[in-house]
Amino acid sequence: MLKNFVAMLRDTRAATAIEYGLIAALIAVAAIAAMQGLGNQLKKTFTNVSSNMKAS
C-alpha cells in the first residue's frame, strides 16, 4: 500500500495537463483582448469612411 501511495505522489501527468490548460487559457485571453482592440479600431475606420462618403 505504501508503494502505491509513493507512486501516486510521483505521478506528474495530471500536473502537466493542468499546466497546459492554464497556458491555453492565457493564450485565449490574450487573443480575445487583441481581437477586441482590433474590432474597435475597425469600427472607427469604417465609421470614418462612411462619414466621408456621405459628405462627398
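In the predicted model, Ala15 is part of helix H2, which covers residues 13–55. The relative accessibility of Ala15 is 38%, and the residue therefore counts as partly exposed, since that class lies between the buried limit of under 20% and the exposed limit of over 50%. Ser50 follows 35 residues away along the chain from Ala15, and the C-alpha atoms of the two residues are 52 Å apart.

Ala25 is likewise placed in helix H2. With a relative accessibility of 40%, Ala25 is classed as partly exposed. Between the C-alpha atoms of Ala25 and Leu2 there is a separation of 36 Å, for 23 residues along the chain.

Helix H1 comprises residues 2–10 and contains Met8. Met8 has a relative accessibility of 56% and so counts as exposed, the cut-off for this class being over 50%. Met8 also contributes to a nonpolar surface patch, together with Leu2, Phe5, Val6 and Leu9. The area of this patch is about 530 Å².

At the level of the whole protein chain, 2 helices and 0 strands are assigned. The C-alpha trace extends over about 85 × 10 × 10 Å along its principal axes. The radius of gyration of the protein chain is 25 Å, whereas a value near 10 Å would be expected for a compact globule of 56 residues.

Burial and surface composition were also computed for the protein chain. Of its 56 residues, 0% are buried, a class that requires under 20% relative accessible area. The exposed surface of the protein chain amounts to about 5400 Å², and 69% of this area comes from carbon and sulfur atoms.

Technical notes. Residues are numbered from 1 along each chain as its sequence is written. This is a predicted model: local features need pLDDT of at least 70, side-chain atom pairs count only at pLDDT 80 or more; totals for chains, interfaces and linings use all residues. Side-chain values use heavy atoms; hydrogens and water are left out. Helices (H or I, at least four residues) and strands (E, at least two) are DSSP runs, numbered from the N terminus. The radius of gyration is taken over C-alpha atoms; the globule rule is 2.2 Å times the number of residues to the power 0.38. Buried means under 20% relative accessible area, exposed over 50%, partly exposed in between (1.4 Å probe, protein chains only). Accessible areas come from the Shrake-Rupley method with a 1.4 Å probe; for residues, only the protein chains shown count as cover. Patches are made of residues with over 30% relative accessible area and no salt bridge: like charges are joined within 9 Å, nonpolar side chains (Val, Leu, Ile, Met, Phe, Trp, Tyr) within 5 Å. A salt bridge is a side-chain nitrogen of Lys or Arg within 4 Å of a carboxyl oxygen of Asp or Glu.
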